[in-house]
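Here is a short briefing on one chain. Topics run from the overall fold to a pocket, one residue and the nonpolar cores.

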Amino acid sequence: MVMRLVEVDNLQGAILFRTAVFKANEGLVWTVSLYVELMKEDVGTRIIVVCVGSVCGALAMAICEFVSASSKFEIKEARLKRGEELTDDETNLPCPLMAAMAAAGGFACSAIFPIVAAPIREYKVRLAAAVGVASVASPALGMLIARLGKAPVVNSSLSFLIGGWLLMASAFAFIKFLDEIRCEKEPICGYK
């Protein structure tokens, strides 16, 4: 069904769908990185923080996409006034509000996935489950983007997967670094 929607000759719809998928991957990886920080907290705290983080992240993505789409639209209008010729990509820009909604929706939908690991009591199993969810979903989103753009599926899937792992690893390392700095007084996350 998704591929059928993508094959329709609707450049604006394809751009919006692509935006939603990219933001979905960002939401997934960002939330898992946030979730890693909360691994030692109780289940309720983890769920609340991931939900709040998902909403805040979705709003941030919406604002960024709205500003980006608005600036592209303004540039297009200025170039048209000067009589310049535009490519199809430049003339078929999506509405900034629609782009913002696609970004927010994509981010929010996938940012909620790490909650599946919340009830797991064992820390290492919970961490593996959260990273595992991202490790399965990220390449799937990469494959979706590749199919949308008629690009190599393996390259796109690996880019999403490796990029996600790098982001999660850097977030985890940064949290451990901060914890080491404050470890004598009060650890941030309880990592030792």
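Of the 192 residues in the chain, 39% are buried. The model is predicted. The chain holds seven helices and zero strands.

**Overall fold**

- Read from the N terminus, the elements run α-α-α-α-α-α-α.
- Take the contacts between residues at least 6 apart in sequence: 69% of them join residues at least 24 apart.
- The accessible surface of the chain is about 11100 Å².
- Carbon and sulfur atoms account for 67% of that surface.

**Largest pocket**

- Rolling a probe the size of a water molecule over the atoms shows where empty space is left.
- The largest pocket has a volume of about 350 Å³.
- Its lining counts 14 residues.
- Nearest the centre of the largest pocket lie Ile-15, Arg-18, Thr-19, Glu-65 and Lys-72.
- Helix H2 (11–37) and H3 are the elements that give two or more residues to this lining.
- H2 provides the largest share of the lining, seven residues.
- By character, the lining of the largest pocket divides into seven nonpolar, one polar and six charged residues.

**Glu-65**

- Glu-65 sits in helix H3 (residues 43–81).
- Is Glu-65 buried or exposed? Its relative accessible area is 14%, under the 20% cut-off, so Glu-65 counts as buried.
- Leaving out residues up to four places away in sequence, Glu-65 touches Thr-19, Lys-23, Ala-99, Ala-100 and Ala-103.
- Thr-19 appears twice here: Glu-65 touches Thr-19, and both are among the residues nearest the centre of the largest pocket.

**Nonpolar cores**

- In soluble globular proteins, nonpolar side chains tend to be buried together.
- The largest nonpolar core has 12 residues in all, including Leu-28, Val-29, Val-32, Tyr-35, Ile-115 and Met-168.
- H2 and helix H6 (123–149) each supply at least two residues of this core.
- H2 gives the most to this core, four residues.
- H2 thus recurs: it gives the most to this core, and it gives the largest share of the lining of the largest pocket.
- Which residues does Val-32 contact, leaving aside its neighbours within four places in sequence? They are Pro-114, Ala-130, Val-131, Ala-134 and Met-168.
- Of these contacts of Val-32, Ala-130, Ala-134 and Met-168 belong to the largest nonpolar core.
- A second, separate core has eight residues, among them Ala-58, Ala-103, Ala-104 and Ala-111.
- Ala-103 of that second core is also one of the residues that Glu-65 touches.

Note on methods:
Residues numbered from 1 in each chain as written. Predicted model: local features only at pLDDT ≥ 70, side-chain atom pairs only at ≥ 80, totals over all residues. Heavy atoms only, no water. Buried < 20%, exposed > 50% of the residue type's maximum accessible area, 1.4 Å probe, protein only. Contact = heavy atoms within 4.5 Å. Areas by Shrake-Rupley, 256 points an atom, 1.4 Å probe, with all protein chains shown as cover. 1 Å grid on protein atoms, 1.4 Å probe; cavity = no way out; pocket = protein on both sides within 12 Å on 5 of 7 lines; lining within 4 Å. Points joined across faces, edges and corners; volume = space filled by probe spheres on them. Nonpolar A, V, L, I, M, F, W, Y, C, P; charged D, E, K, R; others polar. Core = buried A, V, L, I, M, F, W, Y, C linked by side-chain atoms within 4.5 Å.
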